[in-house]
Amino acid sequence: MRIVHVPYLARGLPRSGDAAGRADQAYGSLVRYLNPEWLQASTSAAMHAGQRSLLERVLSALDGSSHLGQNVATLPSALVALIRAQTALESHGSVGQPRWQLLGRVVDAAISSTRQAAGAYRLGGRADLALAETEMVAIASLISQRRDSTPQNQARQAAIQLDRLLVPLSEAIKGWVKPLWTGAVSDRYLAEQMAAEIGLLVALEGRDTTALYTDLVNLISCGAVSADAVKSALWPPNRSHRVTLAVHGTRELRGLATFLPGSQQWGLWVGQEEDKLPTRAPLRKFVRFVGPLEGSAVLVSIRIEAADPGTAARIARRELSEALDHYAAGDRLIDLQLAPTWSVESPSDRHAMGTVRSPGRRTAYPLTGYMPDSLRAAMRAANLARHVDAPMASAALSWSALETTGLAANKVERLARACALQTLRRHLASTHAVLRSAARARLDHQRHAVEMEKVQLKKHETAAHFCAQSDSLNAQAALNTHVELAATARARLERVEMDLQVTETAITSDMAALGAYVTTEGSKEHLKSVDAWLDVLLPAQSGISSCLQAAKDAATDLATRCEGLAAETLSLWRSRLAAPKDLANWLEIQAGTYRSVLEWLYATRNMVIHKGHFTAPSDELTAFAARGVVDMALEFLSNWHTVERARAGRETPAAEVYQRLGDRLTDVITELRRPGAACHSLRVDYLTGPDSTWWITGYLRGTP
């Protein structure tokens, strides 16, 4: 499988006294796709709630700006767990890394993931999943019995058996689109799990998110679509693309065709005559796009098989970057730089250009308002990890960043459980942001519809006016037609204007009622208190204030109007918070997922450092997850230390913070599983901070 590059995780500015920081209050990535174009296409397809939720969930999970708990890189997945176990077994069988203790933990994590996913695979892939579990249980038993080492030949055989099951399991996941699309899956938790596996498989097989969005809009704009059509849009066949990249530092990469068969190159230099430039128009456009040179450069063109131009560009960048290692090794004085720009010529003769450089921000903010000495090494390693092209090297640097905070390889569960608490905050905050954005998108959609009807009316009125000025028989005949069409357009305009007025009044009222209780700050409307939003999501208690009741009703009304994933997510979290044991199970799953990521991250680090492995299946997802975990750890550590600094207290070592937060998750889960427990006692504003006010028994929320 080819793995696409996933953009770096978006960062945010922590607030003093807020144990989670602003990153967990950032708008969800779904906001990018909540626009009049998407809503109009959804209306044209007459999709039911489950269909729209499926597509929006996949788009959101694939977007690099989605927060770590919602991105495919850290969603619970049996398929990814199996890929990791297979890779670890294969590597151990050939080079003895990872060592048997770590190998056992990776395999155990995969067994746990397959058991959690058993319900989803009943709809396809059940037998293959059972075979994979049996194989892993056998090798796990062998590892536990040997204690000192595992026979490498048996590890190799287990890897071969698992590898044979990955393709049929992938095909089974593709088959899940049909039951989800036809509404055959009524369990919303199961639907969420299946959509996560689908989104992950889309990422593994290679799909540019923007291209996928465009393809889905084009598909559903044509009306009702079938499950097979959706499946084809998610996993289209690969096509040949010509990708052109620029390398600064030389005019020629001699012998490049040896490393990249079929590649072509053209030298560029300062003062180059016009007739020496490439002759084809797309290449000349790309030369201008690359910009002025400060020396020499070379354009390199590569043929890439990929589903879309964006994915082709990313694959080509990785292949050329690895080829440049040969030239850097051949001349220690040369400084070759792969430019961020790219050009792709598709089979349809369409030409696209772009850049991998992330858009800038008007203002950049530091992690904290002071220089935290205890985190300087971690911040340095994390920054280096962001700028390393090789995913496994980036993952290894991310592990180093965590290691500098005092994280021990045999105690990763503490950090995993801390991350689970932070993810709870992020999910809750994201639900609020997406609901408000969906409401605004609904208004924008209806305003757009009004403008379109005005355009149609103006067109027919103008045509009628010109026909009225003419004496020809054809013009007079056309006059009657345009008058009738203008009358129809005027009636439609009056209808959509009335609909807009009703919707605008309702949404404005609901947003005001919600904002009166759940207050925000700043242009991006960060939540001042996640607890206030939690009050809205929790089941109503007797004696709550009229302001809170109005906010609850407003949230329900907004979700009903918005539909799609915004409504589905609100409903899902209300259901989860109404059943404390469901929330406890969700937290355990999150902690297990992060533990699997961290165990695999350490295994990746060992394979890179000890055996020089720099490629592996799903390595780019691993690198993204690794950088995200580092971001999350720095987030709550910096806030924890900021609070202590403000109180002139002792700075708690990071390892101790991990321990305390890990214990706190255990305590939260214990409270949630007590007979008669209710989530109303939970407080999340300081859930990952030094204060111990995360659970207040008998706390009556939202009282006057």
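The following is a conversation between a colleague and a modeller about a predicted model of one protein chain.

Colleague: How many helices and how many strands does the protein chain have?

Modeller: This is a predicted model, and its box, taken along the principal axes of the C-alpha atoms, is roughly 100 × 80 × 55 Å. Within the protein chain, the counts are 24 helices and seven strands.

Colleague: What radius of gyration does the protein chain have, and what does the globule rule give for 704 residues?

Modeller: The rule depends on the number of residues, and for 704 residues it gives 27 Å. The protein chain comes close to that value, so it is as compact as a globular protein of that length. The radius of gyration of the chain is 28 Å, against 27 Å from the rule.

Colleague: What percentage of the 704 residues is buried?

Modeller: A residue counts as buried when its relative accessible area is under 20%. By that cut-off, the buried part of the 704 residues in the protein chain is 53%.

Colleague: Which helix supplies the largest share of the largest nonpolar core?

Modeller: The largest nonpolar core has 181 residues, and I198, L415, L424, L583 and F636 are those with the most contacts inside it. The largest share of this core is 18 residues, and they come from helix 17 (residues 412-468).

Colleague: Which residues does L424 touch, leaving aside its neighbours within four places in sequence?

Modeller: L424 is among the residues with the most contacts inside the largest nonpolar core. Once its neighbours within four places in sequence are left aside, L424 is in contact with W573, L583, W586, L587, L682, V684 and L687.

Colleague: Is R52 buried or exposed?

Modeller: R52 lies in helix 2, which covers residues 49-62, and apart from its neighbours within four places in sequence its contacts include L34, W38, R442 and C562. The relative accessible area of R52 is 6%, and the cut-off for a buried residue is under 20%. R52 is therefore buried.

Colleague: Which residue has its backbone oxygen 3.0 Å from a polar atom of the R52 side chain?

Modeller: Among the residues in contact with R52, leaving aside neighbours within four places in sequence, are C562, E563 and G564. The backbone oxygen that lies 3.0 Å from a polar atom of the side chain of R52 belongs to C562.

Colleague: How many residues apart in sequence are E205 and K174?

Modeller: Side chains of opposite charge can pair when their charged atoms come close. The side chains of E205 and K174 meet in a salt bridge with an N to O distance of 3.2 Å. E205 lies in helix 9 (residues 188-205) and K174 in helix 7 (residues 152-175), so the pair ties together parts of the chain whose separation in sequence is 31 residues.

Colleague: In the salt bridge of E192 and R576, which residue is buried and which is partly exposed?

Modeller: The side chains of E192 and R576 meet at 3.1 Å, N to O, and the pair links helix 9 with helix 21 (residues 564-578), at places 384 residues apart. E192 has a relative accessible area of 22%, which makes it partly exposed. The relative accessible area of R576 is 3%, so the buried residue is R576.

Colleague: Which residues are linked in a network of salt bridges?

Modeller: The structure holds 32 salt bridges. The residues linked in a network of them are R105, E413, R417, E588, R595, E599 and R673.

Methods: Residues numbered from 1 in each chain as written. Predicted model: local features only at pLDDT ≥ 70, side-chain atom pairs only at ≥ 80, totals over all residues. Heavy atoms only, no water. Helix = DSSP H or I, 4+ residues; strand = E, 2+ residues; numbered from the N terminus. Buried < 20%, exposed > 50% of the residue type's maximum accessible area, 1.4 Å probe, protein only. Polar contact = N/O pair within 3.5 Å; in protein donor to acceptor, adjacent residues only side chain to side chain. Contact = heavy atoms within 4.5 Å. Core = buried A, V, L, I, M, F, W, Y, C linked by side-chain atoms within 4.5 Å. Rg over C-alpha atoms; globule rule 2.2 N^0.38 Å. Salt bridge = Lys/Arg side-chain N within 4 Å of Asp/Glu carboxyl O.
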